[in-house]
Structures are given as C-alpha cells and as structure tokens.
Amino acid sequence: MLRNQYDTDITTFSPQGRIHQIEYASEAVKQGSAVVGARSGTHAVLACVKRSVSDLASHQRKIFELDTHVGVAVSGIIADARVLSKFMRNECLQHRFAYESAVPVGRLVRHVADYCQRCTQRASKRPFGVGLLVAGVDELGPHLFETCPSGDEYELWAMALGARSQSAKTYLERHLEEVKQAKRDELIRLALAALRETFAAVRDAELTEHNCMVAVVGIEEPFRVYEDAQVAGFLEAIRPAPEPEGGSATGAPSASEERMEDTS
Amino acid sequence: MHTTEPIVTGASVLGIQCVDGVVLGCDTLASYGSLARFQRVRRIVQPGADWVLGGGGEYSDLQEVARLLETMVTREYCQEDGVVRAPRAVHRYLARVMYQRRSRLDPLFNSLVLAGRGRFLGVVDMYGTAFESHVVATGFGSLLALPLLRKAWRPDMRMEEGAACVEHCLRVLFYRDCRALSSVQLARVPAEGAIEVSEPYELGELQWHVAQTVA
C-alpha cells in the first residue's frame with residue numbers, strides 16, 4: 001500500500017513539492033456520499049445523500065445545524081466531521097456570549113480552516129478527512145463556503161462534494177446563472193436536481209425521501225433542516241421529465257480546476 | 001497589585017438619543033483626588049468608525065479600555081472581510097470585559113457610555129452591569145443630570161436640541177459637582193454619516209451670582 005517513501009508522515013514534502021498525506025485526506029472526502037450546496041442572492045441551500053450501512057440500519061445524517069443562521073453539510077469521515085461541527089458550534093456560542101450577535105459566516109469558516117491547517121503542519125497530528133460545505137447568512141447576505149482537509153477555504157455560488165459529485169458539479173456549472181437568480185424553492189429544486197445527477201450512473205438507485213436531506217437558510221429565514229416526509233414535496237418538484245443531458249456526465253474526470261469561485 | 005481605589009478620575013458622562021442620532025458629552029477634567037489636576041484631557045475616544053466611547057472613573061483604566069477596543073478594531077480590519085462589529089456587539093463585549101475583571105477581583109474602575117450608529121446608546125459600569133436607554137448619565141450626573149435629561153427628552157427630538165440639552169446639563173454639573181469642569185467635549189453620532197467629536201471648548205456665560213442663594 002505504500003505509494004512512496006514520502007507519504008509516511010504529514011510533515012515531509014515529496015521532491016515534487018507535494019504532501020501526500022494531505023492528498024490522501026482529500027481522497028477521503030471523495031469517498032463520502034454526495035453533498036451539494038448552492039446559494040442565490042437571498043438564500044443558501046444544502047442537500048445530501050444519506051448512506052445506510054444496511055437495510056437494518058438507519059441512514060447517516062450529513063447536515064448539521066450549527067446556529068440559527070448557519071449550518072454545514074459534510075463529506076468524508078463523519079466522525080471527523082462531528083469534531084469540526086462541535087468546534088464550529090462552540091465558536092458560534094462563544095461569539096453570541098461575547099458579542100451578543102451571530103458570528104459572520106466567513107469568520108467562522110476561516111476559523112475552522114485554520115484549525116484544519118494546524119493538523120497539516122505537525123508530526124503528531126493527522127488532517128481531518130472531511131470536506132465541509134458551510135451555508136449561512138450574515139449582515140453581508142447569504143454565503144456558501146467549502147473547506148478542505150488541507151485548510152483551504154473557498155467562497156462559492158455552488159459546489160458538490162463526495163462520490164460521483166462531478167456530475168452534480170457539471171449540472172451546477174450549466175445552471176449557474178439560474179442558481180444566482182433563484183428564489184428559495186427554485187434554489188432547492190436546482191440543488192436536488194444536481195444531487196440527482198450523482199445517481200445517473202447507478203442502477204436501481206434513486207433519490208427518495210428516505211435517503212436525502214435538505215437544509216435552507218435565507219435572509220430573514222433561520223437555518224432549517226428538512227428530512228424524511230418533509231422533503232417529499234421538494235422531490236416532487238424535480239420528478240417530471242429528467243433532463244436529457246443528465247445521463248452523459250457519468251464519468252468522474254478529476255477536473256478540480258472547475259471551481260465556480262465567487263468573484264463578488 | 002490590584003487597584004483598590006481610583007486615583008486620577010473623570011466625572012460624569014451624559015448621553016441622549018434623538019431621532020437623527022445620539023449626542024454624547026462630558027467635561028475634560030481628570031481630577032487627582034479633589035485637585036483639578038489635568039484640565040484638557042479627552043474622555044471621549046473613537047477607535048472605530050461606527051461608535052464612540054465616553055468614560056468616567058479611573059483615567060488609566062479608561063486608557064486601558066480604549067487600548068482594548070483599538071486592538072479589537074485593528075484585528076477586525078486585518079481580517080479584510082468587510083465585516084464591522086455593530087455598536088451593540090461592542091457594548092456587549094465591554095460588558096463581558098468589565099464583568100470578567102470584577103470577577104477576578106481586579107475591576108476596571110470606570111463607568112462607560114457607548115454611542116453608535118443606528119441610534120445606539122448604552123452604559124456599562126465597573127461591575128459589568130450593562131443596559132441601553134434613551135437617556136443616560138454616569139457618576140454624579142446620574143443624580144443631577146438624569147432627571148433633567150428625562151424631562152427634556154422627546155421622541156421627536158433632533159440632535160441640535162439634544163446637544164443643547166446635554167450642554168445645559170454639563171453646565172448644571174459644573175455649578176454643583178466639585179469634580180466637574182467648564183471645559184467640555186461633545187460627540188455627535190448621526191444615524192447615518194460621519195461621527196463628529198468636538199474639540200474641548202469652554203461653556204460660556206457662567207453666572208455665579210446665584211451661588212449665595214444656594215446653601
């Protein structure tokens with residue numbers, strides 16, 4: 001399993017200037033089930049596929065509320081995600097205690113990214129094997145951020161992480177203008193439609209109310225998670241006529257440059 | 001070594017909320033006991049663009065509070081994300097700091113008044129007690145000036161009237177509070193637009209002939 005002699009610890013660069021342990025951690029993000037995030041001028045939406053280890057088990061939840069104005073969808077090692085969620089909840093609470101106000105989303109994300117970065121520069125630590133999509137609202141409006149195990153963070157209009165997320169990303173890229181203009185329910189529809197794209201190549205699988213979760217936050221609308229019967233209405237909206245272009249984007253070319261970075 | 005009593009002290013700070021902003025006022029004296037030791041001292045500071053702080057009590061502790069707030073503002077600026085802390089958040093922060101210090105049995109001996117954009121007016125005392133009000137006065141002012149401010153206050157009051165009212169109260173304080181001075185400073189904090197902190201100036205036309213009628 002040893003790929004080369006430069007990947008046994010986190011503090012050693014390869015001669016090519018790479019840190020393999022961080023790259024392996026990023027692989028863990030791709031192993032998780034798909035999560036999608038999108039934001040418009042008024043709202044930010046998260047959607048995820050919940051995985052079930054067996055028919056006897058419940059589905060694993062992947063969207064967590066952090067505070068009334070912010071929440072997170074995770075992909076990767078869920079146990080690691082819980083640590084980061086706890087950290088972020090703590091940040092939210094501390095900010096409320098000290099300043100009697102909600103923490104600005106960008107600050108929260110910067111904080112958790114710095115926390116992740118620390119794990120990439122010490123021999124005694126390992127990076128978090130989890131990627132986060134953070135959706136929230138503050139004085140500057142709605143936000144969507146992505147964080148990586150490396151400690152990088154990006155602000156985005158839309159993003160997908162996890163298994164077969166490339167097809168969801170392709171869908172979001174094609175519909176970016178719609179996403180930017182979307183109203184609340186339209187944004188949910190776009191996020192779920194993107195999420196459904198990840199099922200295109202999988203036989204006998206589809207998005208149902210049991211295996212997906214949606215969360216919405218907007219200006220004047222607190223963060224709220226919808227699951228089980230509550231998402232049935234949203235799924236109904238994407239039911240008619242699957243788009244013909246969907247089936248083609250089944251492969252997952254690892255074009256990581258195709259990020260839709262927020263330039264505003 | 002903890003401070004057990006204040007040495008160099010400032011007296012009252014007054015504030016009034018108007019329809020178009022908030023007016024803050026105080027004199028410019030830092031007394032050494034009963035000696036009027038430093039007579040041109042600024043007790044209104046403006047570390048941020050959106051709010052001003054007026055403080056009474058131990059002057060060195062006021063400088064410490066001002067330093068804390070300047071640090072907070074600088075750190076915030078360095079985040080480069082365009083987010084600025086609201087006056088209410090700063091008020092709460094001050095309350096936390098004061099309460100933490102008193103719980104350490106090492107309080108900062110100050111009464112602080114914070115005035116900010118969006119017609120914010122709040123007080124924090126040396127124990128961390130914090131509240132907002134449409135008229136505020138600390139120190140001797142809470143006995144002498146507060147009733148006058150309450151009487152003069154109207155919901156539709158404009159900042160010119162508010163400033164005149166605060167100036168009148170500062171005059172009354174100068175007549176009756178032996179730790180007050182006739183050199184004063186006003187800060188005008190409009191709901192929108194730039195905050196204006198005046199240079200220290202003298203209250204004109206002082207009339208002492210009534211003094212003999214006062215016991």
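Two strands are taken to pair if DSSP finds at least two bridges between them. In this predicted model, strand β4 of chain B (residues 30–32) and strand β5 of chain B (residues 35–38) are joined by two bridges and run antiparallel. Within this pair, Tyr32(B) is placed opposite Leu35(B) of β5(B). The hairpin formed by β4(B) and β5(B) has two residues between the strands, and Gly33(B) adopts a positive phi near 65° there.

Chain A contains an open sheet of five strands in the order β3-β4-β5-β6-β7, with antiparallel pairing. Strands β3 (63–67) and β7 (153–155) of chain A occupy the edges; each has a single partner strand, so one side of each is left without a neighbour in the sheet. From one strand to the next, the twist averages 25°. Inside this sheet, β5(A), spanning residues 130–138, and β6(A), spanning residues 141–147, pair in the antiparallel sense over seven bridges. Facing Val134(A) across this pairing is Phe145(A) in β6(A). Two helices of chain A are in contact with these strands. Helix α2(A) lies across β3, β4 (70–76) and β5 of chain A and runs at about 20° to β3(A). Helix α3(A) packs on the sheet, where β3, β4, β5, β6 and β7 of chain A are touched, and the direction of α3(A) makes about 160° with that of β5(A).

A further open sheet of five strands in chain A follows the order β8-β1-β2-β9-β10, again with antiparallel pairing. Its edge strands, β8 (158–161) and β10 (221–227) of chain A, each pair on one side only. Here the twist averages 10° from one strand to the next. Strand β2(A), residues 43–49, is connected by seven bridges to strand β9(A), residues 212–218, and the two run antiparallel. Ala44(A) has Val217(A) as its bridge partner in β9(A). As for the helices on this sheet, α4 of chain A (residues 165–174) lies across β1 (35–39) and β8 of chain A, at about 170° to β8(A). Helix α6 of chain A (residues 184–197) packs on the sheet through β1, β2, β9 and β10 of chain A, and its direction makes about 30° with that of β2(A).

The second largest pocket holds about 530 Å³ of space. Its lining comprises 20 residues, and those nearest the centre are His95(A), Tyr99(A), His111(A), Gln79(B) and Arg85(B). Two or more lining residues come from each of α2 (78–99) and α3 (105–118) of chain A and α1 (59–78) of chain B. Helices α2(A) and α3(A), which contribute to this lining, also contact the sheet that contains β3(A), as α2(A) lies across that strand and α3(A) touches it. Divided by class, the lining has eight nonpolar, five polar and seven charged residues.

In an unreviewed entry, UniProt lists residues 6–28 of chain A under "domain: Proteasome alpha-type subunits". Over residues 6–28 of chain A, helix accounts for 39% and strand for 0% of the chain, while the end C-alpha atoms are 19 Å apart.

Notes:
Residues numbered from 1 in each chain as written. Chains lettered and ligands numbered in written order. Predicted model: local features only at pLDDT ≥ 70, side-chain atom pairs only at ≥ 80, totals over all residues. Heavy atoms only, no water. 1 Å grid on protein atoms, 1.4 Å probe; cavity = no way out; pocket = protein on both sides within 12 Å on 5 of 7 lines; lining within 4 Å. Points joined across faces, edges and corners; volume = space filled by probe spheres on them. Helix = DSSP H or I, 4+ residues; strand = E, 2+ residues; numbered from the N terminus. Nonpolar A, V, L, I, M, F, W, Y, C, P; charged D, E, K, R; others polar. Axes fitted to C-alpha atoms, helices over the stretch in contact; angles between N-to-C directions. Contact = heavy atoms within 4.5 Å. UniProt positions renumbered as here; feature names shortened; annotations may be inferred.
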